[in-house]
Amino acid sequence: MLVIPGRKAKDVCDRHLGPTRRDLLRVGGSAFLGLSLGQALQMQEASAASESSGAGWGRAKSVIMVYLQGGPSHIDLWDPKENVPDKVKSAFGTIHSKVPGIDLTENLPKLAQVTDKLSLIRSMSYSPNGLFNHTAAIYQMHTGYTADKVSPSGQLEPPSPKDYPNFGSNIIKLKPPEEPMLPFVMMPRPLQESNVVNKSGTAGFLGRAYDPYYLFPPGDDMDMQKMERINITDLTLRPEVSTGRLGRRARLRDMINAGMPGLDQAVQKYDMDKYYETAMNLISSGRARDAFDLSKESDKTRDMYGRNTFGQSLLLARRLVDAGTRVVEVIWPKVANSNNHSWDHHVDLTNRMKNQSAPMLDSGLSALIADMDDRGMLENTLVVAVGEFGRSPQRGVSTSGNGNSADGRDHWPYCYTACLAGAGIKRGAVYGESDQTASAPLSDPVHPTELLATIYHTLGIDPATIVYNHLNQPRELVKAEAVTGLFG
């Protein structure tokens, strides 16, 4: 089989290397055309140069993932439908947005005023294979792969070092931050369905050095003041320890390690050096400490985002990115399989959407997009808001084995909406189209893996880059291509 080498990928252990092992294996097939290895690699370089100049490539320095855990109803938010049966039609009215043709429901009046700064993908879709439950779908959305064990109830194995890495862990492995700053922050609660906590929220087989910094303030999910109790004492240098003294300690540690290779080898798999180096840089620089201080923001700005856990987490995300954090993931602060502010609207959708979840989303996300645009930060920051799936077009029916009231919608992975802004994403645009009842894409379907590939592409990372799992087996970051039609 002849395969002409494509875009350049990098081995995560040897970042200076150009071609992947896969490319080198394939290159042998070109010998019968009279091409030498050198000529084939020259072709690869030319191809890589062409690809890397494509739309959106490398436009982002950072990414903020606004993860709407629970699966919000696209029909009741971003993709309203008229002239449909009563069981399909949203209980909410349709409003025009700032951009003609991009109508939303009345639940999103503030987002309607910033549609000129964003794109909606109304054709997110995948055919489920055991992915009607939250945990399995969350795993796919975050890693690009399906989990090993999936049951109809959604109960999977807990997080494991064998798991595929969260996309943010891959990004900071391949694109470490340029400032002494936390590379990847996840807040204000872990990914969760029932008793499965933080599946796909870790670095998995990359090693714990690439886990996010978990900012999970204490308090119940309904506690809207959690972000007022952020504790970052582990990022503070004790008064009796000067930076000079800290530096001397580091040099002493290096000298001891140099004489104890056996110890180094014993702890190598735990990436202790990376932990220590990161901690040293953070403590001595103080950047992270300052970024976490929300009191530096005006009351007007804090009110604009919303004085609740979600809104203040988005404000903190903006501050962290501004300070040099590469990846921030803000997880909707209410677990799936729960009521009150959850997006998992199997019952009482109209009341919960109108009075709980939608107002927080509307204020927080619109403020984030507008604020970052005013500061010029959307030029090099990608903002993505998406859930693991949408909700069933028809109310009151079961699609996943769950019971649903007449005012509830079940899980629906076949069609839903994502919102993107920044880093070259078209402004005031809709990509793809859903059919008359928002049941399936009518054009340009986008799989969750393609959304991940687009995120990597925007950061200048080839989605086909090879990483090695816990068995030292080569794996692509994601088996999908970027959706370059999203960029303008």
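Start by selecting Cys419: with a relative accessibility of 3%, this residue counts as buried. Keep in mind as you click around that you're looking at a predicted model. Now add Cys415 to the selection. Its relative accessibility is 0%, so Cys415 is buried because the cut-off is under 20%.

With two cysteines on screen, how many disulfides does a search of the whole structure find? The count is zero. In case the word is new to you, a disulfide is a covalent bond between the sulfur atoms of two cysteines.

Next stop: the rings. Select Trp412 and Tyr414 and show their side chains. Their ring centres sit 4.9 Å apart with the planes at 70 degrees, and because over 60 counts as edge-to-face, that's the label this pair gets. Is each partner buried or partly exposed? Trp412 is buried, at 16% relative accessibility, while Tyr414 comes out at 29% and is partly exposed. Now bring in Phe132 as well: ring pairs join Phe132, Trp412 and Tyr414 into a cluster.

Those aren't the end of the story for rings, as the structure holds nine aromatic pairs. For another one, pick Tyr164 and Phe205. This pair is edge-to-face too, with 5.6 Å from centre to centre and 70 degrees between the planes. Try colouring the chain by position here, as the pair links distant parts of it, 41 residues apart. Where does each partner sit? You'll find Tyr164 in the loop between helix H3 (134-143) and helix H4 (167-174). Phe205 belongs to the loop between strand E7 (196-197) and strand E8 (213-214). Check the surface view too: Tyr164 is buried, with a relative accessible area of 17%, and Phe205 is buried at 11% relative accessibility.

For the last stop, jump to Ser97. Look for it in the loop between strand E2 (94-96) and strand E3 (103-105). Ser97 is buried, with 11% relative accessibility. What does its side chain reach? One polar contact goes to the side chain of Thr115, at 3.0 Å. A polar atom of the Ser97 side chain also lies 3.1 Å from the backbone oxygen of Val99. To see the wider surroundings, leave out residues up to four places away in sequence and light up what Ser97 touches: Ile102, Asp103, Ala112 and Thr115. Notice that Thr115 turns up in this group as well as in the polar contact with Ser97.

Technical notes
Residues numbered from 1 in each chain as written. Predicted model: local features only at pLDDT ≥ 70, side-chain atom pairs only at ≥ 80, totals over all residues. Heavy atoms only, no water. Phe/Tyr/Trp six-rings, centres within 6.5 Å; stacked < 30°, edge-to-face > 60°. Helix = DSSP H or I, 4+ residues; strand = E, 2+ residues; numbered from the N terminus. Buried < 20%, exposed > 50% of the residue type's maximum accessible area, 1.4 Å probe, protein only. Disulfide = S-S within 2.5 Å. Polar contact = N/O pair within 3.5 Å; in protein donor to acceptor, adjacent residues only side chain to side chain. Contact = heavy atoms within 4.5 Å.
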